[in-house]
Every structure is written in C-alpha cells, then in structure tokens.
Amino acid sequence: MRRRPGIAGLQSAAASREQYRQVGENVARIRTDLMKEQLTTFRSQLEEFARKHKNDIRKNPVFRSQFHEMCSKVGVDPLASNKGFWAELLGIGDFYYELGVQIVDICLSTRSHNGGLINLQELCDLLCQRRKGARESVSEDDCLRAISKLKVLGSGFEVISVGKKKLVRSVPTELNKDHNEILEVAQAHGYVTIEELEKRLSWSSGRAIDALETLLKEGLAMIDDGHKDGKRRYWFPCVASIFSASGFDGFKP
Amino acid sequence: MAVNWLPPVSLTASGRPVFVPGEVERCLLPAVDLEPGENPSLSPLLSGLLVLTSHRLLWIDETSSSGFALPFAAVVHAYPPKKSIRSMFASPRIRIQVSASPDGRVVAGGTRSEMITVVLRGKNDPDVFYGRLLEVLRSRQWEVSVEAEKRDLESVSAGTSTTTAAARVRMPVVGVSGILRKEQELWESTDKSLQEAFQDLNALMSKAKEMVQLAEKMRLKLLSGPSAQGNPNEEEMGSKQDMQDWLLSVGIASPVTKESAGALYHQQLARELADFVKLPLEKAGGMIALIDVYCLYNRARGTALISPEDLLQACTLWEKFDVSVMLRKFDSGVMVIQNKAQRDEEVFARIVSLAQKPEALRTGISPSDAALTLGIAPALAKEQLLTAESIGLVCRDVSPDGFRFYINLFREIDTNDIYLIKKPGPFHAWLSAISLSG
C-alpha cells in the first residue's frame, strides 16, 4: 500500500483504513463466534439429553427435583423464561407455569375461609383433585418451586414455616413473630384461647388480645363463642386439619 | 416520495403486526434493510425489524410504527447468501426474486420480475434465516390453509379410531402372573433408565457450569456500560443485545441496563401484553393486579406459557416504549398495571370529593365504599386510600369494624389561631354535618 499522489492516493488511503477497521471488527466477531459456538454445542448436548430423558423429567418427581437442585448448584434457572433452551427442549416451563396459575386459583377460592393463608398439604391435595385428568403427578417440591416463581409478581405469594408445618401466604399481610407463635400453638388443636397463650408463652393479656385482634381483622382467625365454659376460642382454618382429610367438595372447578 | 412498492401491513396500537388467520411467526431479526432491484424510483427500506411468518415477510419500522409486507405468493425464488471473500466483510445479503406489476409494485402474478435484496446488518446468522425462509416457502402455508383445515378434521377422526383399535387389542392379558411380570419389567426398565439419566444429567451439568463461567465474564462486560471511546457504534449495541439473548436462553438472570433494551423476546412480549391487557383493564376499572394478568394471559395462551419473570421483565420494558399502560408498585409490595390515562390526581380528587359528602364526614369511607365509587377491586381501592393518606389527603381511623378514612382536616387548622373556622371550607362542612346528627 504505497502512497500515491493525488485523488487516487486519497482514495487508496481511505480504502486501507476501511480494511483495517473491518479486520478489527472481525477480531471482535471471532470472539462472539466463539460464544455462539459454545452455545450451539451446549444446545445440542441439551437436545440429546432431552431426547432421552424428557419423559423421565415429566413422569418422575424425584428426578425432577434432583434436576432442579443441580441446576441451582450450577447457577442456571431453567424456569427463568419461556424462551430459554430448558423450556424449549425439555418442556418443563409449561408444567410449572400452569401449576402457578392453578395455585393462584386455589388460593383465591379458599381465601374467604382461611384469610389468605393455606396449609401446604391442603394446597397439594386440592391441586391433585383438580388435576385428576392430567398425566403428570405433582409433588410438594413442585408446588414450592412454582410458588417461588410467583413471588416476583408482588401480591405476597410466599411459603412460611410455622412449627412443623408449611403455610402458603397469598396476601400481602405481614406476620410478625407474635403471630407466628400463635399459629404454632394453634397447630395442636386448631384453636387457641387467651388463657392458653398467656400460660404457654407467658404473655400479658394485652399482648395476646392485640395479636389475636389483628389476626381476626385480617381474616385469618374465626371466633367461636359457643362453648359450655364460655371461653372464647379463636380458630385458625389454615392450621386446622379439619379440611384436609375428607373430600372437601366445596372447591371443585 | 417514491411509490410504495410493497403493500402496507397494519400494526396494533403497541406496534405488533396484525396476523391473518393461520399465520404463524417463525423468526425475528433486528436491523435489516430491504433494497429493491434496479428500478431507481423505488426507495430502499432501511434498518427495520424483519418478521418471517408462514405467509409473509414483514418489515416493521419501529420508530415510525409503520410496516410493509412481502407476500410469499409473489416470490418466485430465493437465492442463498453468497460466500465469497468480499462477502465476509460486508453484511450478508439474501436476494429474492419476486413478481411485480409494471409500475414497480410487488404483487402476486405480476408481469415483470424484480429482484429484492434483504441486507442483514445486525449480528444475525444468514444461513439459519435462509434455511427457515426456504422451509416456509416450501411449505406454502398461505395456499393450504383452507384445505389443511378440512384434512385435519379427517385425520383427527381417523387417528382416534386407530388408537381405540390398538387399545382393544392389548386388553387380553394373561392372568395375574402376566400383570406381575409386566410390573417387574416396567420397574426394572425405569431403574436402568434412571441410572443412565443421572449419568447424563451429571455430564450435562458440567457443561452448564462452563457456560455459567463464560456468562459471568459476559455479565461483567454488560455491567461495565458503554465503551470509553464514546463511539455510538451500533456494533456495541448489537453485541450487547446478543449477549442478553444468549444469557436468557441458557437461563441466567441478566441485568436490564438502562441502555440496552433486554432480550428481543421480552420486547415483543411487552408489545403483545400491552395489546392484550387493554380489555381486562377496562373491565376491572383501570387497575388490575399483576398476578391476575399472569393468570389471564397464560390461560388465554394455552400453550407456550410465559414465566412470571418474563411478565415482569416485559412490564418493566413498557417505560421504554410508547404504550398506554404502566406498571406501578405500591408500598406494600403489590404490583398493578394501570392505564397511563388514569392519572393519580384524578383518582385522589374523586376520593376527596367522596370523603366530603355529608355521610362520609360523619362516618368516613371504607375501602369497599371507595371500591364502589372508583370501580376497582377492594384490595386495590385500599392501596389507593393508603397512598392518599401518605400524601395527606385523608386520615385513617382504626376501629373494631376495620379501617375507615376521613378527610384530613388538620391542614385546615391555622396554627396561629386554632379556633378559627374558615367558611366555606371542609372544617365548616364537617361541623355542620356532625351537629346535625346530634
């Protein structure tokens, strides 16, 4: 590229600059090409895996939860988006998103009874009843994953642990430590009385009444004044086991 | 202005193309030019979004919200991208031969023949696009749509009869031992396949780990922001877009930075959602909770559902586009979608006027009263009342009946002369209202 005089020289200088720029572009392009190559290899490996084991993931909840654990260890989220490879090739996205829709539905229909807090076991039972026609079985782990995905939408969907049980919250009400302790005590019989709280947790009566009134206001507790001894009982449908056993037919779709 | 040489395509209010029945979207490519052939009076279409569907090739200009369609019925032949030394440095070009009318417009069955060049300026893979284009042309979906429906109905009825026949054949099983044997076989086969499955899973995960490490480097690059050279090169933007798409497909959360607009998928989803959500919004009175939209949209979709994170990402992208809906987060964490037209001031004005009615001055308004007046769900009405309280328009009263809200009279009290009652004013109206009740 020797320098030439005149217009021809200017043109050739411009042309050589252009060529240098394009070579630089190509170097950048090679890096992205490498990235693309990695991506295609990964995708073909995933396709191979899906071809052999798609059914296993669908049918076997244990394998499914194992799969999820390994994904989270590695740092990928197979349920992050419907557009990702995981959803596209393994088809597990639809399963969880549909589950999410059904869970929201069930929580909404039981809200008038339990105020927005439902026992995880009860939720799973109602889900299984609803999904009798579907081929895939749903485990508790699946419910937990679907709910953790729903959390990002606001509206307070969360799983909280109270004693040994897990409760699913579907309203934005915050429960503080006092409320949690009341729910723990309520697990024994399904109800609490003020004396019981004062005795077990050594609270003042004012504190117990305050917490119970809040739970009442939020719709999580129900009053029962009909007992012979005249003491007021506060029932908690979310921890009471009366609903989960026999077929509670009120919520069939 | 040169003659429009392609028929226009109608767009929805949010910029998504309106599809004909049976049309399916196959491929999306950003930054594409369409250049007409040798005719100098036709102007080229520069830098738009190319949408490959089963019936047409759509070119959409997002800035001016206009679009043109190239019907496949007019396409004669598509030439593959040339692979020469020269073409390595230039943007890949795919040439399509179409039939045209004498004045240059592209129509099916025209007399003349024109050559249209599709220039892929973004970082798109021309071979993949060309492959899809050929597939679509070969399948000739636009011709077979009506016949296919008829044929589908026939095949469905035939299919059901064959399956029932097969089931009937399998029914006679050889006694209890036969059943037990089958159970045993099934159990063994699942066991074996499970072991194999776990091995494969391990191998897959090790590969995924490599991808994650690579992704970390990419993520740092994304977060570092635009380069110091200050060159507004589209290359930089294009590669960032690619990285977002890439991270999304592997399943790694990627940051939606202010400059980049997130993955292409989310952009299109955002537009689709803006169209979809209009009707439910009207029914719900202008405000609807995000979780309700998630259920409604997924139910409407049927298959290929979206994840909650997809929904959230798409909604956050609305502020970049010019759509008539917005996402709003209340202090309690509840997220709603509301009409941009429904300004907060208007809602608060209605709440204030409701709170100043004589009955309301005496007993206050509850969230359900507000819900009736505003026409929105009670939970959302409560959120609005709480927001009104936080800016000082109303005051709350907590009683055994629940929450009630009263008009804020404290602002009317002049601290220098606290007994002064300005008439007319809310304070005066309140006094006359409560004195009536005795």
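How much area does chain A expose, and what share of it do carbon and sulfur atoms supply? About 13,200 Å², with carbon and sulfur atoms supplying 51%. Please keep in mind that this is a predicted model.

A little more on chain A, then. Its 253 residues are 46% buried, and the chain has 9 helices and 6 strands. If you take the contacts in chain A with a separation of 6 or more, 55% are between residues 24 or more positions apart.

Next, the interface. The size of an interface is often given as the accessible area lost when the parts come together. For chain A and chain B, the buried area is about 5,000 Å², and carbon and sulfur atoms give 67% of it. On the chain A side, A:Met35, A:Val74 and A:Leu153 lose the most area to chain B, together 14% of what that side buries. The contact involves 52 residues from chain A and 57 residues from chain B.

Between the two chains I can list 6 residue pairs in polar contact, both residues at pLDDT 80 or more. Five helices of chain A each supply at least two residues of the side that touches chain B: α1 (6–59), α2 (61–74), α3 (85–90), α4 (92–114) and α6 (140–150). The largest share of that side, 18 residues, comes from α1(A).

On to salt bridges. Over all chains the structure holds 23, and the count between chain A and chain B is 3. One bridge inside chain A joins A:Glu18 and A:Arg21, with the closest N and O atoms 3.2 Å apart. These two are separated by about one helical turn, because they lie 3 residues apart in helix α1 of chain A. Both ends are partly exposed: A:Glu18 has a relative accessibility of 33%, and A:Arg21 has 46%.

Now a bridge that crosses between chains, from A:Lys149 in helix α6 of chain A to B:Glu309 in helix α9 of chain B. Here the N to O distance is 3.3 Å. A:Lys149 has a relative accessible area of 11%, so it is buried, while B:Glu309, at 23%, is partly exposed.

Chain B has a bridge of its own between B:Glu272 and B:Arg301, with the closest N and O atoms 4.0 Å apart. This pair links distant parts of the chain, with B:Glu272 in helix α6 (residues 264–276), B:Arg301 in helix α8, and their positions 29 residues apart. B:Glu272 is partly exposed at 28%, as is B:Arg301 at 26%. As for networks, salt bridges that share partners join A:Asp77, A:Lys149 and B:Glu309 into one.

Two loop residues are worth a look on the screen. B:Ser307 sits in the loop between α8 (290–301) and α9 (308–316) of chain B. Buried or exposed? B:Ser307 counts as buried, because its relative accessibility is 0%. Leaving out residues up to four places away in sequence, B:Ser307 touches A:Leu79, A:Ala80, A:Ser81, A:Asn82, A:Tyr97 and B:Tyr294.

The other is A:Gly91, in the loop between α3 and α4 of chain A. At 19% relative accessibility, A:Gly91 is buried, because the cut-off is under 20%. With the same neighbours in sequence left out, A:Gly91 touches A:Arg58 and A:Trp86.

Last, the surface of chain B. B:Phe410, B:Ile413, B:Ile418 and B:Tyr419 make a nonpolar patch of about 500 Å². Of these, B:Tyr419 lies in the loop between β12 (402–407) and α14 (426–437) and is exposed, with a relative accessible area of 71%.

Note on methods. Residues numbered from 1 in each chain as written. Chains lettered and ligands numbered in written order. Predicted model: local features only at pLDDT ≥ 70, side-chain atom pairs only at ≥ 80, totals over all residues. Heavy atoms only, no water. Patch = residues over 30% accessible without salt bridge, like charges linked within 9 Å, V, L, I, M, F, W, Y side chains within 5 Å. Areas by Shrake-Rupley, 256 points an atom, 1.4 Å probe, with all protein chains shown as cover. Salt bridge = Lys/Arg side-chain N within 4 Å of Asp/Glu carboxyl O. Helix = DSSP H or I, 4+ residues; strand = E, 2+ residues; numbered from the N terminus. Buried < 20%, exposed > 50% of the residue type's maximum accessible area, 1.4 Å probe, protein only. Contact = heavy atoms within 4.5 Å. Buried area = accessible area lost by both parts, 1.4 Å probe. Polar contact = N/O pair within 3.5 Å; in protein donor to acceptor, adjacent residues only side chain to side chain.
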